[in-house]
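Visitor: I have a chain open here and would like to go through it with you. Can we start with the overall makeup and then pick out some residues?

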Amino acid sequence: MGGDRIAELYRTWGPAIYRRCSRLLRDPEAARDATQEVFRKALSSPEKLADPDTALPFIYRVATNHCLNERRNAGRHGETELMELDVASDHPAFPRRRLVHRVLSRFDAKTQ
């Protein structure tokens, strides 16, 4: 699969995949990382990306599975409690919340 086709896929479906990841992960930065990872994973199956009718459902399924795995893994590491602290992105404390989330995510649930 050529670089032009990959760029076209990302341009066309990147925003939809980002929205899906954002909805599932509830963190814009994690959603950006997940979107890139989803396309990296999808590129390992170029035959599934060749047909425009099946490419989007395939990438969407990869995104859903990837994000659900990320959430499951976060839960195993005690990060679920932090994900529940939903502060509106326009709230003045939002950047601090992300910093706190990153720092506390290194600890178990009891320490958090």
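Visitor: How many helices and strands does the protein chain have?
Guide: This is a predicted model. The protein chain has six helices and zero strands. From the N terminus on, the order of elements is α-α-α-α-α-α.

Visitor: What share of the residues is buried?
Guide: Of the 112 residues in the protein chain, 29% are buried.

Visitor: And the accessible surface, what does that come to?
Guide: About 7300 Å² for the protein chain, with 53% of that belonging to carbon and sulfur atoms.

Visitor: Among contacts between residues at least 6 apart in sequence, what percentage join residues at least 24 apart?
Guide: That figure is 58% for the protein chain.

Visitor: On to packing. At what angle do α1 and α2 pack?
Guide: The angle between helix α1, residues 3–25, and helix α2, residues 28–42, is about 130°. Their axes are 8 Å apart. An angle of about 130° therefore makes α1 oblique to α2.

Visitor: Is that crossing left-handed or right-handed?
Guide: The crossing of α1 and α2 is right-handed.

Visitor: Which residues make the contact?
Guide: From α1 the contact takes Leu9, Tyr10, Trp13, Gly14, Ile17, Tyr18, Cys21, Ser22 and Leu25. From α2 it takes Pro28, Ala30, Ala31, Arg32, Ala34, Thr35, Gln36, Val38 and Phe39.

Visitor: How do they divide into nonpolar, polar and charged?
Guide: The contact of α1 with α2 has 13 nonpolar residues, four polar and one charged.

Visitor: Take Thr35 from that list. Buried or exposed?
Guide: Thr35, which lies in helix α2, counts as buried because its relative accessibility is 2%, and the cut-off for buried is under 20%.

Visitor: What does Thr35 touch?
Guide: Leaving out residues up to four places away in sequence, Thr35 touches Tyr10, Gly14, Ile17, Tyr18 and Cys21. Those five also appear among the α1 residues of the contact with α2.

Visitor: Back to the loop between α1 and α2. What is the phi of Arg26 in there?
Guide: Arg26 sits in that loop between α1 and α2, and its phi is near 60°, a positive value in a residue other than glycine. In general, most residues other than glycine have a negative phi.

Visitor: Why does Arg26 count as partly exposed?
Guide: Because Arg26 has a relative accessibility of 35%, and partly exposed covers the range between under 20% and over 50%.

Visitor: Now Leu24. Where is it, and what is it in contact with?
Guide: Leu24 lies in helix α1. Apart from neighbours within four places in sequence, Leu24 is in contact with Thr64, Cys67, Leu68 and Arg71. The C-alpha atoms of Leu24 and Leu68 are separated by 7.2 Å, with the two residues 44 apart along the chain. Leu24 is buried, with a relative accessible area of 11%.

Visitor: Which helix holds Ala55?
Guide: Ala55 is in helix α4. Its relative accessibility is 0%, so Ala55 counts as buried.

Visitor: What does Ala55 touch?
Guide: Trp13, Lys48 and Leu49, not counting residues up to four places away in sequence. Trp13 is also one of the α1 residues in the contact with α2. As for Ala42, its C-alpha atom is separated from that of Ala55 by 9.1 Å, and the two are 13 residues apart along the chain.

Visitor: Last one, Ala50. Where does it lie?
Guide: Ala50 lies in the loop between α3, residues 46–49, and α4, residues 52–76.

Visitor: Buried or exposed?
Guide: Ala50 counts as exposed, because its relative accessibility is 53% and the cut-off for exposed is over 50%.

Visitor: How far apart are Ala50 and Arg5?
Guide: Ala50 and Arg5 are 9.1 Å apart in space, C-alpha to C-alpha, and 45 residues apart in sequence.

Conventions: Residues numbered from 1 in each chain as written. Predicted model: local features only at pLDDT ≥ 70, side-chain atom pairs only at ≥ 80, totals over all residues. Heavy atoms only, no water. Axes fitted to C-alpha atoms, helices over the stretch in contact; angles between N-to-C directions. Helix = DSSP H or I, 4+ residues; strand = E, 2+ residues; numbered from the N terminus. Parallel < 35°, antiparallel > 145°, perpendicular 65-115°, else oblique. Left-handed = near helix turned anticlockwise from the far one by under 90°. Contact = heavy atoms within 4.5 Å. Nonpolar A, V, L, I, M, F, W, Y, C, P; charged D, E, K, R; others polar. Buried < 20%, exposed > 50% of the residue type's maximum accessible area, 1.4 Å probe, protein only. Areas by Shrake-Rupley, 256 points an atom, 1.4 Å probe, with all protein chains shown as cover.
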